[in-house]
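Here are my notes on the model, set out as numbered points. Please read them with the structure open.

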Amino acid sequence: LGTPVYLYCVIIDMCLGVYRRFLSPSSPQYRPVSIYRPEKEETEVQQEQEIEDQKEKSSTDQKEKSSTDQKEKTGKDQKEMSSNMAEACKSGLLQITVHSAKSLRKSDIFGKGDPYVVIKVNRVKVHTTVVKYGTDSPRFEESVHCILSDIYDSKLAFEVYDKDMIGVDDTIGCAFVNLSKKPSIVNSPLLLSLPDRNDCGSLYVSVSFTPMGIIRPPPELH
């Protein structure tokens, strides 16, 4: 019985020696095996956060740029539209009507005159009324239409003459209208005058202007 006990003691002593040398935490050869997976380092987390922030900022910048570009385009389109509307509003159809005249100056010594009216737009003759014989208060009721390229730079002239059978027709009086100031007149009297006198009578006219965008051509312009 002494031998087995001795062997057991030797084996136990050997096991304790191995434990002390290799498995004990105080042993230099001790190398614990950890199954714990450490979390990501703080630097790596910061880098990933910076990448996400850059992506978000880039997306925001793109949206802001797109919004800015859209606003600029809208503003440009509005300016172009306003410019086009302004251009369309200054050109259009002008209608001129000569209604009548009253108390026209006598150019003949005997009897009454034979008046008629010449209408000019920017010094260009556009219409001449019929002659009304033997009256100083004629009634014409004649209209003319013409196309204007710029109403703000246009003027009307109404020249009233006395028809003579012989020689040059006498001028009874003239009246002028600046369309930039009066684009519309409704059966209003224009005072006729000459360079050397003002009491030459009155001419009743109507003037209306229709911008190009809403023009409805009169029958004679079809």
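1. Start with Cys146. Cys146 is buried, because its relative accessible area of 12% is under the 20% cut-off. This is a predicted model, so side-chain atom pairs count only at pLDDT 80 or more.

2. Next, the other cysteines. Cys174 is in no disulfide. The nearest cysteine sulfur belongs to Cys200, 8.4 Å away. A disulfide calls for sulfur atoms within 2.5 Å, so this pair does not qualify. By this rule the count for the model is zero disulfides. Cys174 is also buried, with a relative accessible area of 15%.

3. Overall layout. The protein has two helices and eight strands. From the N terminus on, the order is α-α-β-β-β-β-β-β-β-β. Among contacts between residues at least 6 apart in sequence, 59% join residues at least 24 apart.

4. One sheet is open and holds four strands, in the order 4-1-8-7. Its pairing is antiparallel. Strand 4 (139–148) and strand 7 (185–191) stand at the edges. Each has a single partner strand, so one side of each is left without a neighbour in the sheet. Neighbouring strands here are turned by 25° against each other on average, direction ignored.

5. Look at the pairing of strand 1 (residues 92–102) with strand 4. Eight bridges join these two antiparallel strands. For a landmark, take Val98, which stands opposite Glu142 in strand 4.

6. Another open sheet of four strands runs in the order 3-2-5-6, again with antiparallel pairing. Which strands stand at its edges? Strand 3 and strand 6 do. Each has a single partner strand, so one side of each lacks a neighbour in the sheet. The average turn between neighbouring strands of this sheet is 25°, direction ignored.

7. Within that sheet, strand 5 and strand 6 run antiparallel and are joined by eight bridges. Tyr161 stands opposite Thr171 in strand 6.

8. Now the core. The largest nonpolar core has 29 residues. Those with the most contacts inside it are Leu94, Ile96, Leu156, Phe158 and Leu203. At least two core residues come from each of strand 1, strand 2 (115–121), strand 4, strand 5 (155–162), strand 6 (170–178), strand 7 and strand 8 (202–211). In soluble globular proteins, nonpolar side chains tend to be buried together.

9. Phe158 deserves a look of its own. Leaving aside neighbours within four places in sequence, its contacts include Ile96, Val98, Val117, Ile119, Cys174, Leu190, Leu203 and Val205. Gly173, Ala175 and Val177 are also among them.

10. Check two asparagines for backbone geometry. Most residues other than glycine have a negative phi. Asn122 has a positive phi of about 55° although it is not a glycine. Asn122 sits in the loop between strand 2 and strand 3 (124–128). With a relative accessible area of 37%, Asn122 is partly exposed.

11. Asn187 also has a positive phi, of about 45°, and is not a glycine. Where does Asn187 lie? Asn187 lies in strand 7. Its relative accessible area is 43%, so Asn187 counts as partly exposed.

12. Last, the surface. Of the 222 residues, 27% count as buried. The protein exposes about 16,400 Å². Carbon and sulfur atoms supply 55% of that area.

Methods: Residues are numbered from 1 along each chain as its sequence is written. This is a predicted model: local features need pLDDT of at least 70, side-chain atom pairs count only at pLDDT 80 or more; totals for chains, interfaces and linings use all residues. Side-chain values use heavy atoms; hydrogens and water are left out. Two strands pair if DSSP finds at least two bridges between them. Axes are lines fitted to C-alpha atoms, for helices over the stretch in contact, and angles run from 0 to 180 degrees between N-to-C directions. Buried means under 20% relative accessible area, exposed over 50%, partly exposed in between (1.4 Å probe, protein chains only). Contact means heavy atoms within 4.5 Å. Accessible areas come from the Shrake-Rupley method with a 1.4 Å probe; for residues, only the protein chains shown count as cover. A nonpolar core is a set of buried Ala, Val, Leu, Ile, Met, Phe, Trp, Tyr and Cys residues joined through side-chain atoms within 4.5 Å.
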